[in-house]
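Work through the exercises below with the sequence and the model in view. Each task is followed by a solution in steps.

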Amino acid sequence: MGNHTTVSSFLLWGFSSFQNLQTLLFVVIFCSHVTILLANVSIMAAIKLNHNLHTPMYFFLFSLSFSETCTTMVTIPRMLADLLSESKAISLPECATQMFFFFSLGGNNCFILAAMSYDRYMAIHSPLRYPMLMTRKKCFQLLVASCLVGFLISLCIVNIIFNLSFCNTNIIPHFFCDIAPVVSLACNCTFFEKMVLFAFTAFVLVGSFILIMVSYVFIVSLVVKMPSAKGRYKAFSTCSSHLTVVFIHYGFACFVYLRPKNSDSFNEDTLMAVTYTVLTPLLNPIVYSLRNKEMQTALRKVLGTIARLFPQMINKKAQTI
């Protein structure tokens, strides 16, 4: 922490403008959070229990679902607690920890999406050699690389921000410790430090997006050369779910983190942040399940198993009582 910091805690006042809607917001966000958890856990269970889905594509989808579930756990429980609390106070170490894990997991999500696009390219470019090229070891290496990049960049961001001095107001106009609202409270943040923070953010978002687009340029160049319309349709259909998730994810994130900031933009950023912290993790499993027949079949099996086991568990408890 900075040596000249006089602030020991922050106040998360992101929803202070909606005093009359606190209870409604709590119910809506709580229901969304439960749905996110159930949807992502269902996808992970379907992939884990179905041997037909033990492929690189579903390995990365499992990892993305797990990472997004963890991302929501960093922000939403705290958001729900603050909606019912009067103080809304968060200490500097808690704020730094929340920011670190949020951007670590967010960066991880970006590079997992990039790894998924590379996987799709390899599947279309070399279908016969695909199992030998995308081995379990290589998939794990790509996942570890995604995690390391996310965690290292997040560590650099947090280290820069929480070595600044906070000696003005302690009110964060946001519902979690985001970069711009926290930096706006610092009294010694230089233009150079702001540019370094922007560069780290841009590297994660723009860098991973460029990797995805490069993969898809090569995918399109391969698909248009396919002789049969059926082959082209099958190739594009395997990528449609991923592309949909990419545009949803990057659309919201780029709007918040890559546009110029001023004090008036924080209210817009707060509303948009609700979208990408609640809506995006909710949409991703829906997109993958609706547009993927293999996933639909696997989910039906999982839900069918749960439907059969649940009454049996209730009957056993009733008998023991």
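The largest share of the lining of the largest pocket, nine residues, is supplied by H8. The model is a predicted one, in which local features need pLDDT of at least 70 and side-chain atom pairs count only at pLDDT 80 or more, while totals for chains, interfaces and linings use all residues. Residues are numbered from 1 along each chain as its sequence is written, and side-chain values use heavy atoms, with hydrogens and water left out.

**Exercise 1.** Describe the largest pocket and its lining.

Step 1. On a 1 Å grid over the protein atoms alone, a pocket is an open set of points with protein on both sides within 12 Å along at least five of seven lines, a cavity is a set where a 1.4 Å probe fits but cannot get out, and lining residues have an atom within 4 Å of a point. The largest pocket holds about 880 Å³ of space, a volume being the space filled by probe spheres set on the points, which are joined across faces, edges and corners.

Step 2. The lining has 28 residues, and Arg120, Lys234, Ser237, Thr238 and Glu294 are the closest to the centre of the pocket.

Step 3. At least two lining residues come from each of H2, H3, H8, H9 and helix H10 (293-320); helices are DSSP runs (H or I, at least four residues) numbered from the N terminus.

Step 4. The lining divides into twelve nonpolar, ten polar and six charged residues. Here Ala, Val, Leu, Ile, Met, Phe, Trp, Tyr, Cys and Pro count as nonpolar, Asp, Glu, Lys and Arg as charged, and the others, Gly among them, as polar.

**Exercise 2.** Which helix gives the largest share of the lining of the largest cavity?

Step 1. The structure holds three cavities of 30 Å³ or more, and about 380 Å³ of space lies in the largest.

Step 2. Its lining comprises 26 residues, with Phe102, Gly106, Gly107, His249 and Tyr257 nearest the centre.

Step 3. H3 gives the largest share, six residues.

Step 4. By class, 13 lining residues are nonpolar, twelve polar and one charged.

**Exercise 3.** How are H5 and H7 oriented to each other?

Step 1. Their axes come within 10 Å and cross at roughly 165 degrees; axes are lines fitted to C-alpha atoms over the stretch in contact, and angles run from 0 to 180 degrees between N-to-C directions.

Step 2. H5 and H7 are therefore roughly antiparallel, the term for angles over 145 degrees.

Step 3. Residues in the contact (heavy atoms within 4.5 Å) include Val149 and Ile153 of H5 and Glu193 and Val196 of H7.

Methods. Parallel < 35°, antiparallel > 145°, perpendicular 65-115°, else oblique.
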